[in-house]
Amino acid sequence: MQVPDPATTVHVGRDGWLFLIGGTNSVLIQYRRLSWHFLRIRSWTRLIRQRSARAQALGIRCVQTIVPEKLSIYDDRTDGLRYDPARSPARRLARRVMGLAGFVDLVAPLRAARDEAELYRRTDTHWTYEGCHIAYRALMRACGAIPLSDVASRPRFTTEGLWDLGEKLPDPPSETVTHWTLDRNAVRAWASPRVEAYEAAGRINELHVGAHVIYRNTSPEADPRTVMLFGDSCAQFTCTLLTGFLAESFAELHFIWSSSIDWTHVARVRPDILMFEMAERFMVRIPVDDFDVEAADQAPADLLVPGEAVAAE
C-alpha cells in the first residue's frame, strides 16, 4: 500500500498550525471553482430541505449544521496557502439555504470569534471545547432552548499527545489540549451491543460509524425534550464535545454516529428534536439516508466472546 505524502496531505502554517489539505476527501480541492462543486451544493441543498420537510411531517423539529474545516476559519494562519476560503462548501451551502428554519451556519460565528480563543486544535482536525461551545450555543438557539449558563466554568484538565494531523508528519509535534469536564447530571442510560462489545474488547477507540448511545438527565434544570443526534467525531459518543454539551442540556439524548439518517428509527422513537451534524470535509459525498440503526447496533462477530454469538443474533 502506498503511504500518502505528508506534504500533499498536511499543510504546515505559521506558529505550528497544521491544516488538512488532502486525504481521501481531497479537502483543498473542495475550495476550487469547479462545475461539479455547484452540482454537489445543489444536491446538499435539496437534501437539507427534504430532511427538514420530512421531520416536520412527523411533528419533529429539525436542526442541521456543518462543522467547518480549519481552512474555512483560520485562513489567516495558513501562511500563504493559495485557496479562497469564501468558496468553503459550508459557506456556499449556508447561502443556498439561507432563511430555512433549523439550518445553523457555523462559519460566520466561528470566524467572528477566531481571535478570541483557539477554536481548533493546532495539530488536529477537530475543534476545541471553546469552538464547540460556540456551536452549541447557536444550536441551542435553533432548538428554542436555553444554553447552560455555568458550563464554561466547569472543571478543566489538560493532556499532551500526538493528534491526527501532527502524527502524519515525519517529525510529529505534540500538543497540550484542554478538556472541559462536562458530565455532571447526564448519565449513559443505554449503549448498543456494538458499543458494549468494543468496550469489553478494549478497542473502543476503534469504533466510529455505528456507535449508538442514549444519555438521560434528571436534573430539573434540563430541557424536558428528547434530542436524537446523527453526528460524527465532532460530537462523539462519550459525554464530551457536542454530545456532552447536549446531554447536559436535555432530558434525553440519543447519539448515532452516521451521516445518513434512519427515518424508520426516527419515526419509531419520535424525538422532539432531530439534529444532524457533520464535518465539512465529508460534504464531498451526499448521504442517501439509508442507514439501518438496528443492523448497526449488533456486535461484530469477531468481538464476541465464546458463548455470546447466539444471544447476539
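Contact, in this account, means that heavy atoms lie within 4.5 Å of one another. The structure described here is a predicted model, and this notion of contact helps in reading how its elements pack together.

A suitable starting point is helix H4, which spans residues 89-96. Its buried residues are Pro-89, Ala-90, Arg-92, Leu-93 and Ala-94. These buried residues pack against several other elements: helix H2, strand S3 (61-67), strand S4 (103-104) and helix H5 (107-112). A general property of helices is useful when looking at such a list. An α-helix has 3.6 residues a turn, so residues three or four places apart point the same way.

The loop between helix H3 (70-73) and helix H4 contains Arg-87. This arginine is buried, yet it forms no salt bridge. The nearest side chain of opposite charge belongs to Asp-84, and it is 5.6 Å away. A salt bridge requires a side-chain nitrogen of Lys or Arg within 4 Å of a carboxyl oxygen of Asp or Glu, and therefore this pair does not qualify. When neighbours within four places in sequence are left aside, Arg-87 is in contact with Gln-30, Tyr-31, Arg-32, Arg-33 and Arg-92. Arg-92 is also one of the buried residues of H4.

Attention may now turn to the surface. Ile-29 is found in the loop that runs between strand S2 (18-20) and helix H2 (35-57). With a relative accessible area of 31%, Ile-29 is partly exposed. Together with Leu-34, Trp-36, Phe-38 and Leu-39, Ile-29 makes a nonpolar surface patch of about 430 Å².

The cysteines come next. How many disulfides does a search of the whole structure find? The search finds 0. Cys-132 is in no disulfide, and the nearest cysteine sulfur, that of Cys-234, is 7.9 Å away. A disulfide needs two cysteine sulfur atoms within 2.5 Å, so this separation rules out a bond. For Cys-239, the closest cysteine sulfur is that of Cys-132, at 11 Å, which is too far for a bond. Both residues are buried: Cys-132 has a relative accessible area of 0%, and Cys-239 has one of 14%.

The final residue to consider is Thr-240, placed in the loop between strand S9 (223-231) and helix H8 (241-247). Its relative accessibility is 24%, so Thr-240 counts as partly exposed. Apart from neighbours within four places in sequence, Thr-240 is in contact with Tyr-129, Leu-182 and Ala-235. Thr-240 and Met-140 are 100 residues apart along the chain, and their C-alpha atoms are separated by 16 Å.

Conventions:
Residues are numbered from 1 along each chain as its sequence is written. This is a predicted model: local features need pLDDT of at least 70, side-chain atom pairs count only at pLDDT 80 or more; totals for chains, interfaces and linings use all residues. Side-chain values use heavy atoms; hydrogens and water are left out. Helices (H or I, at least four residues) and strands (E, at least two) are DSSP runs, numbered from the N terminus. Buried means under 20% relative accessible area, exposed over 50%, partly exposed in between (1.4 Å probe, protein chains only). Lys and Arg count as positive and Asp and Glu as negative; His and the chain ends are not counted. Patches are made of residues with over 30% relative accessible area and no salt bridge: like charges are joined within 9 Å, nonpolar side chains (Val, Leu, Ile, Met, Phe, Trp, Tyr) within 5 Å. Accessible areas come from the Shrake-Rupley method with a 1.4 Å probe; for residues, only the protein chains shown count as cover.
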